[in-house]
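Work through these exercises with the structure open beside you. Try each task before reading its solution.

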Amino acid sequence: MNTLVLAPFSGEGLARLAALGRMAYEPWTETRTLWDPEELGARLTVEGFDALAVEADFLFEELFDAAPGLRIAAICRGDMHHADLDAATERGIAIVRTPARNAQAVAEFAVAQMLALARHTSTSERYVREGQWEDPTEPYVRFRGRELAGATLGIVGFGAIGRAVARIAAGFGMHILAYDPYVSASARADAAEGVEMTGLEALLAASDFVSMHVPDTPETLGMLNEARIAAMKPGAYLVNVTNSSVADRAALAAALVEGRLAGAALDVHEAHPIPPDSPFLGLSNVLLTPHIGGATQETIERHSAMVAEDFERFARGEQPLRLVNPEVWERLRAPDSLPS
């Protein structure tokens, strides 16, 4: 089993893949290159790779058509937006993913942003660095914040990340509300441990902090519309580390300018880089970060272990644990017949 790895990977994960056959490691984080799908498929064919692991590259139909020898591909992400699953299934290619690989990282980042908003760490740091700290008493009033303890946190989306946020926030002594119409039985069990499941409108009206953790779907597009933003608790903070389309940008900006909302932390944006006419660039009560919520070494280690395990299972003729198109499994050739 010969594997091309285009995702950042741990040393241990690479060693496990190398034990299965020939392995080449060219992470996009080092090459700064994203492949054209058809060109990548052609390379897989020419160089005899039958397994592929990506994070930022796309698994599209053109790639599969150009790589008839490809048998398994991994996407080091929880979502499947970078893969054409139907095309892979039609061609008998197994696709695996890495669910919740960055749940802890994103959850910690979201809570860190709540702290930064509540305690003005970003604006007060600039205040010191830019030489504005002349009066020793002014910062005590200007940057007086609030504590997380005793505040109400509303978590919109109670999947792996939302549940991790709840666990961390509970340690701060926050009162936790959650909204998720598709909440699982395991999440309901978590709710019994101090998380109150409620409706979205009730959550928005009661929460001092609202943290968004919903998937990017047509259903969540504009979820925080003008009416819902207006219904948020006065003086509340919004943390959005999920996707930019979840909130009405104009309505959110207006609420921040007018002071109806105390602040927002946005790690996801409508474009990269942020357009120069973005209404958020000039707002001092908004924290803007470049989509780094999941960017930790531990995230890489987790997805590396998941992919290595599933590729090892595939090589042994066992169904991968994180196979997202299980209907293809019976159609696959026996792994021992794959090119070596």
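**Exercise 1.** Place Leu70 in the chain and state whether Leu70 is buried or exposed.

Solution. Leu70 sits in the loop between helix H4 (61-66) and S4. Helices (H or I, at least four residues) and strands (E, at least two) are DSSP runs, numbered from the N terminus. Next, take the relative accessible area of Leu70, which is 1%. Buried means under 20%, exposed over 50%, and partly exposed in between, with a 1.4 Å probe and protein chains only. Leu70 is therefore buried.

Before going on, note the ground rules. This is a predicted model, where local features need pLDDT of at least 70, side-chain atom pairs count only at pLDDT 80 or more, and totals for chains, interfaces and linings use all residues. Residues are numbered from 1 along each chain as its sequence is written, and side-chain values use heavy atoms, with hydrogens and water left out.

**Exercise 2.** Find which residues Leu70 is in contact with, leaving aside neighbours within four places in sequence.

Solution. Contact means heavy atoms within 4.5 Å. The partners of Leu70 are Leu44, Asp50, Ala51, Leu52, Leu63, Phe64 and Ile93. Now take Ile93. Leu70 and Ile93 are 23 residues apart in sequence, yet their C-alpha atoms are 6.7 Å apart in space.

**Exercise 3.** Give the strand order of the open sheet of five strands, and say which strands stand at its edges.

Solution. Two strands pair if DSSP finds at least two bridges between them. The order is S2-S1-S3-S4-S5, with parallel pairing. Strand S2 (23-25) and strand S5 (94-97) are at the edges; each has a single partner strand, so one side of each lacks a neighbour in the sheet. Neighbouring strands are turned by 15° against each other on average, direction ignored. Look inside the sheet next. Strand S3 (residues 51-54) and strand S4 (residues 72-75) run parallel, joined by four bridges. Ala51 has Ile72 as its bridge partner in S4. H14 packs on this sheet, touching strand S1 (3-5), S3, S4 and S5.

**Exercise 4.** Sort the residues of strand S9 by the way they point, and find the bridge partners of S9.

Solution. In a regular strand the side chains alternate between the two faces of the sheet. In S9 (residues 209-212), Phe209 and Ser211 point one way, Val210 and Met212 the other, and all are buried. Strand S6 (residues 152-156) runs parallel to S9 over four bridges. Ile155 has Ser211 as its bridge partner. Strand S10 (residues 236-240) also pairs with S9 in the parallel sense, over four bridges. There, Phe209 is partnered by Tyr237.

**Exercise 5.** Locate Gln113 and Thr289, then trace the contact between them.

Solution. Gln113 is in helix H6. Thr289 lies in the loop between strand S12 (286-288) and helix H14 (297-315). Gln113 is buried, with a relative accessible area of 9%. Thr289 is buried too, at 16%. Leave aside neighbours within four places in sequence. Gln113 is then in contact with Val239, Ala265, Leu287 and Thr289. From the other side, Thr289 is in contact with residues including Phe109, Gln113 and Leu266.

Technical notes: Axes fitted to C-alpha atoms, helices over the stretch in contact; angles between N-to-C directions.
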